Amino acid sequence: MDGKTEEVKLCDENICPIDWEQLEKRDRLIMQKNFSDPLFKYANQFVEADEILIAAPCWDLAFPSVLRVYFEHITITGLTFKYSPEGVPTGLCNAGRIIYVTTSGGPFAGQRHGYDYIKDLANSFYGIPDVMCFKAENLDIKGADVNGIIQKNIHDIETAGI
């Protein structure tokens with residue numbers, strides 16, 4: 001690990017859902033094993049990362065749609081994963097851990113909105129074994145100690161050794 005940190009603010013990126021034209025181009029480049037095209041920018045960055053932090057609010061029981069579109073751009077056969085001869089996805093990513101931090105105006109009520117999707121991708125496709133989740137909830141509840149909630153989550157993250 002070289003201590004280098006890269007930040008990707010998806011809301012500032014021009015990241016759009018993959019359309020038919022891009023899909024055809026992507027499939028052609030995958031067949032050629034040519035991952036140098038800008039189409040693979042995010043996947044190349046993701047596969048090389050040692051550790052990944054995803055911070056996203058909980059919107060409509062998941063996360064913002066741009067994060068889902070990001071996953072479309074990084075889930076690339078031959079780059080972030082491959083299929084075994086039996087057809088089982090095998091991860092090719094370097095990261096040993098994904099840390100998922102999310103916030104919600106109301107209670108999560110024991111639910112893991114968005115987290116299970118990310119955990120399934122990490123474990124089943126990317127080969128990233130450790131996925132941790134930290135949730136700051138009830139931030140919009142009248143009278144909530146928002147600073148206390150945030151400080152508790154910071155403490156939980158620090159206690160986890162992150």
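# A quick tour from I118 outwards

Setting aside neighbours within four places in sequence, I118 is in contact with I54, F63, L67, F71, I98, Y100 and V131. This is a predicted model, and I118 makes a handy starting point. From there, we'll look at the aromatic rings, helix α5 and the largest pocket.

**Around I118**

- I118 belongs to helix α4, which covers residues 115–126.
- Is I118 buried or exposed? Its relative accessible area is 1%, and buried means under 20%, so I118 counts as buried.
- To get a feel for distances, take A43: I118 and A43 are 75 residues apart in sequence, and their C-alpha atoms are 15 Å apart in space.

**Aromatic rings**

- How many aromatic pairs turn up in a search of the whole structure? The search finds ten.
- Ring pairs join Y42, F46, F63, Y70, F71, Y117 and Y126 into a cluster.
- Two members of that cluster, F63 and F71, are also among the contacts of I118.

**Helix α5**

- Helix α5 runs over residues 146–159, 14 residues in all. At 1.5 Å a residue it should span 20 Å, and its end C-alpha atoms are 20 Å apart, so the two agree.
- Which residues of α5 are buried? They are I149, N153 and I157.
- These buried residues cover an arc of only 75° around the axis, so they sit on the same side of α5.
- There's a simple rule behind that kind of pattern: an α-helix has 3.6 residues a turn, so residues three or four places apart point the same way.
- Turned away from the buried side of α5 is a face that carries the exposed residues N147, E158 and T159.
- What covers the buried residues of α5 includes two strands, β4 (97–103) and β5 (130–136).
- After α5 comes G161, which has a positive phi, near 80°.

**The largest pocket**

- Rolling a probe the size of a water molecule over the atoms shows where empty space is left.
- The largest pocket has a volume of about 1200 Å³.
- Of the 31 residues lining the largest pocket, E6, E7, V8, I52 and L53 are the closest to its centre.
- Which elements give two or more residues to the lining of the largest pocket? They are α2 (41–48), β1 (51–57) and α3 (65–74).
- β1 provides the largest share of that lining, with seven residues.

Methods: Residues numbered from 1 in each chain as written. Predicted model: local features only at pLDDT ≥ 70, side-chain atom pairs only at ≥ 80, totals over all residues. Heavy atoms only, no water. Phe/Tyr/Trp six-rings, centres within 6.5 Å; stacked < 30°, edge-to-face > 60°. Helix = DSSP H or I, 4+ residues; strand = E, 2+ residues; numbered from the N terminus. Expected span 1.5 Å × (residues − 1). Buried < 20%, exposed > 50% of the residue type's maximum accessible area, 1.4 Å probe, protein only. Arc of directions from axis to C-beta. Contact = heavy atoms within 4.5 Å. 1 Å grid on protein atoms, 1.4 Å probe; cavity = no way out; pocket = protein on both sides within 12 Å on 5 of 7 lines; lining within 4 Å. Points joined across faces, edges and corners; volume = space filled by probe spheres on them.
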